[in-house]
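This report describes a few features of the model shown below. It takes the chains in turn.

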Amino acid sequence: MRIPVVNAAPARPAPHLYFVNPLVDFACIGGASVVTFAALALVYRTGAVQATWVWTAAAVLTWVCNYPHFAATNYRLYQSKENVSQYPLTAFVVPPLIVAGMAASFALPDLVAPYFVKLFLLWSGYHYSGQSVGITCVYARRAGFAVGRLERLALSGFIFGTYLLAVARSESGVGALNYYGISYPTLQLPQLVMVMAGYWVWMCGLVFLLLVVNWCVTNRRVLPPIVLLPAGAQLLWFVIGANDANFNAFVPFFHSLQYLLIAWSMHLKERMDTGGIEPSRAFVARESLRWGAVIVAVGAFLFWMLPHALASSTGLGFQVAAPIVLAGVQIHHFFVDGVIWKLKNPKVSSPLLVNIGQLVRPASAAGLSVAPPAEAAQPVQQAA
Amino acid sequence: MRKTLFLLVAIFVCGVDAAAQETPAPRVAAERIVLRTNVGDMVLALYPDVAPRHTEQLLKLARLGVFDGVNFFRVESTFVAQLADARYKQPAPSPEQLEAIHPLPAEFSALRHRRGTLSMARYDDRPDSGETSFSILLGDAPHLDGKYTVFGQLERGQDVLDLIARATCDERHQPLKPVVVLRAEVADSPEALAGMSLRPAGYYDERLEWVKGFMPWGGLGAVLCGLLLFVLSRRLVPAAFGSAGLLLVMVAFFGLYVAYVPRAHTSRWTALALFLGVPVFFKLMNRFEGRRFDGSKTA
C-alpha cells in the first residue's frame, strides 16, 4: 500500500512580485502601451491615418524587439538537446510542413498565399491572447492570487473575447484585407456577430472583476495592479485602440516586449541553474549581451536574409516573398511557443518566479530565495 | 377651370411617363452569352431588334474568346460594373481576335439604363467608338439614357452581380481582388443553355476544381482521422501519433478553410462556422506535443 505523505515544506519567503522591478515590469507588461496610446491620442485625435514617423519608429522597433522575440523562441527550442528530444515534432516535422505551405504560396501566390497569410494573422491574435492569459497567471501566482477554474474561465473568456471581437470586426467587412501587398478575403460576417462578441467581452470582464473584488475582500488585500495589467493591455490592443492606425503599428512591439522580459529572465535563471553558476552582476551582463546578440542575429537572418534569398531565387520579388516568409516563420513561432511555455510544466513554471535581483547577487544578500517557492514543492511518495 | 386643366395635364404627364415605363420588353435573341467569372456565372440576353449590330458583333467576339481573361476594371456599387477593353487584356488577344474587333456605330434607343442593363462603353466625344468594353448597370442611371447603346439585359446571375457590387475597390474603383471573366461561352438555344451548369456567386478558382471534388468529405474525413488519432493516443496508439493526428487536422482544416471561405460570402452559416472553427482549431493545437508533466505525454 502506498500512502502519499506530503513533506512539510520549510518556511520560505514568498516569490518576488516582479521580474526586475515595478518600473521595468509595468513598462514591459503593458504600461508602455498605455502611455503610448494616451500620448498618440493626445497628439493625433482620430488616428485614422498613420503618421509618417510612426512607420519608421515601428520599423526600428521591429528590428530591435520583434524579430529578436521570434528568434528567442527558436533559440530556446534548438539550443537545448533536451528540448529538441522532448518536442521532436515541433523541432523537425513542423518546419518542413511550414516550408511546404510557403512553397505552395510561392507556387500559387494569388491562391494559396492569401490563405497562408490569413492563417498566420488569425493565429497571431490568438497567440497574443494566450500570452496575455499566461502572463496574468504568472503574476497572479507571484501575488498569491489563486486563479481557480472560475477565475481562469472568466479571464480567458475576457481575453480571448477581445480576440474574437477583433476578428469579428475585420471579418465583417466586405471584400479583401491586405497584409504587405497580399490581399486576402474576409468572411463577410453579419454585423450581429460583432455585437455579440462585444457583449461577451464585457460580460466576462465584469465577472472577472467581481471575482477579483471577492478575492480582495476575502483576503483583506488589494490585488497588485500588475496582475490585471496584461488583460488591460489586451483590451487596449484589440478593442479600444484597434482603430488607431498609429497605435496599431506598435502593438507587435508591445507584445514582443512582454515576451522578451520573461524570456530573458527565464534564460538567465536556467543558464545559471544548469551551469551551476553563482549569481553575479558580471554574469548577468555578459550572458544578457550574448543572448541579445544571438537573437538579434537570428532575427535578422529569419526576417531579412531569408526573404531576400527566397525573393531572388524564386523571382517573385521581395514584396511577395517577404509576407510569405514572415507568415511561415511566425506560424513556426506559434508552434514552438505552444510547447515550450506550458505553465503546468514545473521546469517552466518554477524559473518563471525568478527575480533578476536574485541573479545579480547571492541569495542571502538579496534576501530572497533562489529556490522554488513553497507552492512549487512536489509531494513525495513513500513506500509503507 | 384652371384646376381642371392642371389635373388633366398632370394625368397626361403621368400617363406618358407610365407608358414610357411600360415599354414592352424588346425581343431577345435565341443565343445567350454566358460569362463565367471567378465570382460566378452570369447569363446575358441580347436585343437583336434594338441593337442588331451590337448583338451580332458581341456574339462573334464571345465565340472567338475575345472576352476570356478580361477583368471588370471599374466597379461602382450603385452605378456600373464595367469590363475592360479586350485589346489590352493579358495574355494579349490573338491576331484573329484583334482582327475581329472594330468600332460599332451607336444604336441608341428609348430603352432605359436600369440595374442589369447591358450598355456599350464608348469615348465621350465619339458615339461610334464602342468596341469590346461594356457595362452591367448596378443601379438606375437615367443620365445615360439615349446617350449609350443598350444592347441587352442580365438574365441570370443577379447574385453574382451583387457580389461584384460588394467588391472592395481602390480610389479608382478598381477591385482589389480582380473580378475576371474566365471564359465567355455562347449558348445557341434555350436547350443549350439548360444543359449548361451555372455556378452561383462565390469566389472560384479553376485550379481548385480538382480539390473540390473530394473537399467536403475528404477534408472532413481527414479532420476526423486526425482527431481520432489524437483521442486514441496513449490508449491504442503511441503518444506521438496524437500530435501527428493534430498536424493532419491542421492541414485538412487549412484545405477546408481555403475551399469554404468563398462559400462564406453567400452563406452566413458557413461564415459563422469558419469564424468559430478557427479558435477551436487553435485551442486544439495547444495540445500539440503536450505533456502531463508526470512523465507521460498527452499527445
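The bend at a residue is the angle between two fitted axes, one for the seven residues ending there and one for the seven starting there. In this predicted model, helix α1(A) has a kink of about 70°, centred on G30(A). The ends of α1(A) also reflect a shortened span: the helix has 22 residues, yet its end C-alpha atoms are only 28 Å apart, short of the 32 Å that a straight helix would reach.

G30(A) is among the buried residues of α1(A), which also include D25(A), C28(A), I29(A) and G31(A). Further along, S33(A), F37(A) and L40(A) are buried too. Their cover includes α5, α8, α9 and α10 of chain A.

A second feature of chain A is the packing of two other helices. Helix α2(A) meets helix α11(A) at an angle of about 105°, and their axes are 7 Å apart. Angles of 65 to 115 degrees count as roughly perpendicular, so α2(A) is roughly perpendicular to α11(A). Residues on both sides make the contact, including Y67(A), P68(A) and F70(A) from α2(A) and V294(A), I295(A) and F303(A) from α11(A). By class, the contact residues are 13 nonpolar and two polar, with no charged ones.

Chain B is summarised by overall values.

| Feature of chain B | Value |
|---|---|
| Helices and strands | nine helices, eight strands |
| Buried share of the 299 residues | 36% |
| Contacts joining residues at least 24 apart, among those between residues at least 6 apart in sequence | 68% |

Methods
Residues numbered from 1 in each chain as written. Chains lettered and ligands numbered in written order. Predicted model: local features only at pLDDT ≥ 70, side-chain atom pairs only at ≥ 80, totals over all residues. Helix = DSSP H or I, 4+ residues; strand = E, 2+ residues; numbered from the N terminus. Expected span 1.5 Å × (residues − 1). Buried ≥ 20, exposed ≤ 12 C-beta atoms within 10 Å, placed from the backbone. Contact = placed C-beta atoms within 7 Å. Axes fitted to C-alpha atoms, helices over the stretch in contact; angles between N-to-C directions. Parallel < 35°, antiparallel > 145°, perpendicular 65-115°, else oblique. Nonpolar A, V, L, I, M, F, W, Y, C, P; charged D, E, K, R; others polar.
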